[in-house]
Amino acid sequence: MKKTLSAAALLLVALAGCGDVDEGTSGTSGGGKGGGTLTVFAAASLTETFTALGKEFERAHQAAKVRFNFGGSSTLAQQITQGAPADVFASANPATMKTVTDAGDAAGTPRVFTRNRLVIAVPADNPGKVAAVGDLARPGLKVVLCAVQVPCGAAAKTALGAAGVEVRPVSREKDVKAVLTKVGLGEADAGLVYRTDAKAAGGRVRAIEFPEAAKAVNDYPIVEVAEAPNAAFAKEFIALVLGERGRAALAGAGFEAP
């Protein structure tokens, strides 16, 4: 059951998401081909793909507006369980989705729509001379990882454990995009990010595959949020993601079929 946020908590949620949510009107009525606003909370690694799908959704629905809140899945799940208004939640792993379903804040059963795996991201010129996952334990190498509470951090812990590599990161970041930014700016010699994020970064980073990443492949589930302000749009957007157009967009970004 959705909970009511206090005024202070509502303000915190708004401030937390303001950098990630597209501007738009806050109306929530609509559906079909009519107007209205669809609010999607989605893992940061889905930014590019979902933004493109959102534009496609808007083209198909006259006067519709899709607003996104991209961030760490654990933070988004917490916002939803605390009452933040959302229509759709797409998480980067089932464990974070379980937070929402256990709280009774999911309408129906989440469906896995794609998968993702980690790579080692290094700056384009690779100043740390990183060639394999074992290099991440080298003294003096500046490595950044996601916080363990978010899916990319949990996956990193599993993958590094499988490789038998102990890494002491110089920082733990709130989501995978923050890790990628530090690597791309040269503030870190390496970081573990999703394959899709490294691909989206273009020439700013170089991606190094490592076999142990196969031990930590993340399944991405999606669900309509309980008491969604725009349930009709929520169902249509989820159908888009699960359908042929969604699968093609995800594959093009480097995601794997579930």
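**Exercise 1. Find out which residues of helix α4 are buried and which are exposed.**

Ala-95 and Asp-102 are exposed, on the other side of α4 from its buried residues. Exposed means over 50% relative accessible area, buried under 20%, partly exposed in between (1.4 Å probe, protein chains only). Helix α4 spans residues 94–102, and its buried residues include Thr-96, Met-97 and Val-100. These three cover an arc of only 100 degrees around the axis, so they lie on the same side of α4. The arc is that of the directions from the helix axis to the C-beta atoms. Helices (H or I, at least four residues) and strands (E, at least two) are DSSP runs, numbered from the N terminus.

Next, look for partners. The buried residues of α4 pack against α3 (73–81), β3 (88–90), β4 (106–116), α5 (151–163) and β10 (218–225). Contact means heavy atoms within 4.5 Å. Last, look past the helix: Gly-104 follows α4 and has a positive phi, near 75 degrees.

*About the model.* This is a predicted model: local features need pLDDT of at least 70, side-chain atom pairs count only at pLDDT 80 or more, and totals for chains, interfaces and linings use all residues. Residues are numbered from 1 along each chain as its sequence is written, and side-chain values use heavy atoms, with hydrogens and water left out.

**Exercise 2. Describe the nonpolar cores.**

Start with the term. A nonpolar core is a set of buried Ala, Val, Leu, Ile, Met, Phe, Trp, Tyr and Cys residues joined through side-chain atoms within 4.5 Å. The largest one has 66 residues. Leu-46, Phe-50, Ile-120, Leu-136 and Phe-237 have the most contacts inside it. Helix α8 (residues 231–242) gives the most to this core, with 6 residues. A second, separate core has 12 residues, among them Leu-76, Ala-86, Val-100 and Val-223.

Now take Leu-136. Not counting residues up to four places away in sequence, Leu-136 touches Ile-120, Val-130, Leu-141, Val-143, Leu-160, Val-167, Ala-190 and Leu-192.

**Exercise 3. Locate the disulfide and give its handedness.**

A disulfide is a covalent bond between the sulfur atoms of two cysteines. The search criterion is a pair of cysteine sulfur atoms within 2.5 Å. Over the whole structure, 1 disulfide turns up. Cys-146 and Cys-152 form it, S to S 1.8 Å. Both cysteines, Cys-146 and Cys-152, are buried. The torsion about their S-S bond is about -105 degrees, so the disulfide is left-handed.

**Exercise 4. Decide whether Lys-177 is buried or exposed.**

Lys-177 sits in helix α6 (residues 176–184). Its relative accessibility is 18%, so Lys-177 counts as buried. Not counting residues up to four places away in sequence, Lys-177 touches Ala-44, Ser-45, Thr-47, Glu-48 and Asp-197.
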